[in-house]
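I opened this notebook to record what I looked up, residue by residue. The entries follow in the order in which I made them.

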Amino acid sequence: MLSVDEQLKVILSGTMQVVPLDELKKKLEKGVPLNIKLGVDPTSPDLHLGHAVPLRKMRQFQDLGHNVTLIIGNGTALIGDPSGRDSTRPPLTEEQVEANAKTYVAQAMKILDPSRTKVVHNGDWIKPMTLDKMLGLMSKFNVARILEREDFHNRYTNGQSIALHEFIYPVLQAYDSVMIEADLEMGGNDQIFNLLAGRDLMRDMGMEPQVALTMPLLVGLDGQKKMSKSYGNYVGLTDEANDMFGKLMSIKDELVPMYFRLCSTLPVAEVDKIDAAYADGSADPYALKRQLARNIVDLYHGAGAGNEAQAAFDATFKKNQIPDDVAEYPMSLAVTNEDGKVYLAKLLAEVGIAKSAGEGRRLIDGGGVRIDGEPVAAKCYNVDPELLHAGCVLQSGKRRWARLV
């Protein structure tokens, strides 16, 4: 293993909090592999780069010689994590959870080293739990402490509903740490209460408490909000290679260092050099963006896929080449409204680029919509009809095209 200081340089790269740092140092000084925990509730079948941020950190731990335990929350997902929520999550069925879990593990293993990854399901110990066991766990927590967490506090003070079963979630997540004897648990920065609850429960049960490590939320393609499917500003891990490359080329220049640090396989020392280049003004954002896109496409589609996607991108965007088989639609679809504008979001749906006007708005906000190669600004849902002349080409990403005739 590397020295403690060398390991900490890698571990702390891109992290938000490590609580407490001195305990992590003591654990590392033992010179034995640590058990790193990440719990995930399979609430969706497909992941995006934002979901992958803690998985990338887990892979760094593996490369440092540590073991990781990926907990699939097929028990906790039936409750739903209240972290960061202003309302109760809609419940999922066991069938939905199990189906999502299969695809989650398959996608996670594109990042993690399967030989050093232990995958467990917390339903194995949560679902058979007896009432006396559940009551014993709940007796170790108090309502006043749970109401201190920001999301519950805000909902309580605003008179918003908090379902009683939501209080159980941090208790069960903490119990997961006890069951697998975690040395460190990872999560998003909105998870800090749950991670610290695990420390408290392990200490109460006479165990060495885990360290809590949080990661930042990845900013999406719009450069403003966190990456989310609901915002349409995401890069999916299952996106086709060319689509993935094109989306990454659309990120804001100032986000490139963050994406290298949180999403790429580049060594920490190399990412530090990119940060330094941005700081002294010597960075070439466009060249770095191409390097970033190649790296991430290779990660999820295999070595060489990045270069192939870059060639396809260049053929389309740099050389202004348009596919020969672009579907054609009548100009009559570009109807002007009472303001003399064309509602582009609806037009995108009518020509098959989006499934609905709502998705059309999300595509526009994600920065991937172009008219004759020119990008459409976020929130620009209504456009001048002069832009939509006969023969103009509408486009979203690499795969969605339409021509008005």
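Before the first entry I fixed my terms: a residue is buried under 20% relative accessible area, exposed over 50%, and partly exposed in between. I also note that this is a predicted model.

**Entry 1. Positive phi outside glycine.** I looked up aspartate 372 and found it in the loop between strand 9 (369-371) and strand 10 (374-375). Its phi is near 50°, a positive value in a residue other than glycine. Aspartate 372 has a relative accessible area of 39%, so I entered it as partly exposed. I then turned to glutamate 181, which sits in the loop between helix 9 (168-180) and strand 5 (184-188). Glutamate 181 is not a glycine either, yet its phi is positive, about 55°. I classed glutamate 181 as exposed because its relative accessibility is 55%.

**Entry 2. A cis peptide bond.** I checked the bond from valine 19 to proline 20 and recorded it as cis, with omega near -10°. Proline 20 belongs to the loop between strand 1 (17-19) and helix 2 (21-29).

**Entry 3. Threonine 117.** I located this residue in strand 4 (residues 117-121). Its relative accessibility is 13%, and therefore it counts as buried. A polar atom of the threonine 117 side chain lies 2.7 Å from the backbone oxygen of aspartate 113. Beyond neighbours within four places in sequence, I listed its contacts as Gln62, Val68, Leu70, Met109 and Leu112. I also looked up its separation from aspartate 339, 222 residues apart along the chain: the two C-alpha atoms are 58 Å apart.

**Entry 4. Asparagine 233.** Is this residue buried or exposed? Asparagine 233 is buried, because its relative accessibility is 0%. I placed it in the loop between strand 6 (211-215) and helix 11 (241-249). A polar atom of its side chain is 3.5 Å from the backbone oxygen of lysine 225. Leaving aside neighbours within four places in sequence, its contacts include Gly220, Asp222, Lys225 and Gly366.

**Entry 5. Helix 10.** I noted 13 residues (192-204) and a reach of 18 Å from first to last C-alpha, close to the 18 Å expected at 1.5 Å a residue. Among its buried residues are Phe193, Asn194, Arg199 and Met202. Glycine 206 follows helix 10 and has a positive phi near 80°.

**Entry 6. A surface patch.** I recorded a nonpolar patch of about 300 Å², made by Leu131, Leu135 and Met138. Leucine 131 is part of helix 6 (residues 131-138), and I entered it as exposed because its relative accessibility is 61%.

Notes:
Residues numbered from 1 in each chain as written. Predicted model: local features only at pLDDT ≥ 70, side-chain atom pairs only at ≥ 80, totals over all residues. Heavy atoms only, no water. Patch = residues over 30% accessible without salt bridge, like charges linked within 9 Å, V, L, I, M, F, W, Y side chains within 5 Å. Areas by Shrake-Rupley, 256 points an atom, 1.4 Å probe, with all protein chains shown as cover. Salt bridge = Lys/Arg side-chain N within 4 Å of Asp/Glu carboxyl O. Helix = DSSP H or I, 4+ residues; strand = E, 2+ residues; numbered from the N terminus. Buried < 20%, exposed > 50% of the residue type's maximum accessible area, 1.4 Å probe, protein only. Contact = heavy atoms within 4.5 Å. Polar contact = N/O pair within 3.5 Å; in protein donor to acceptor, adjacent residues only side chain to side chain. Expected span 1.5 Å × (residues − 1).
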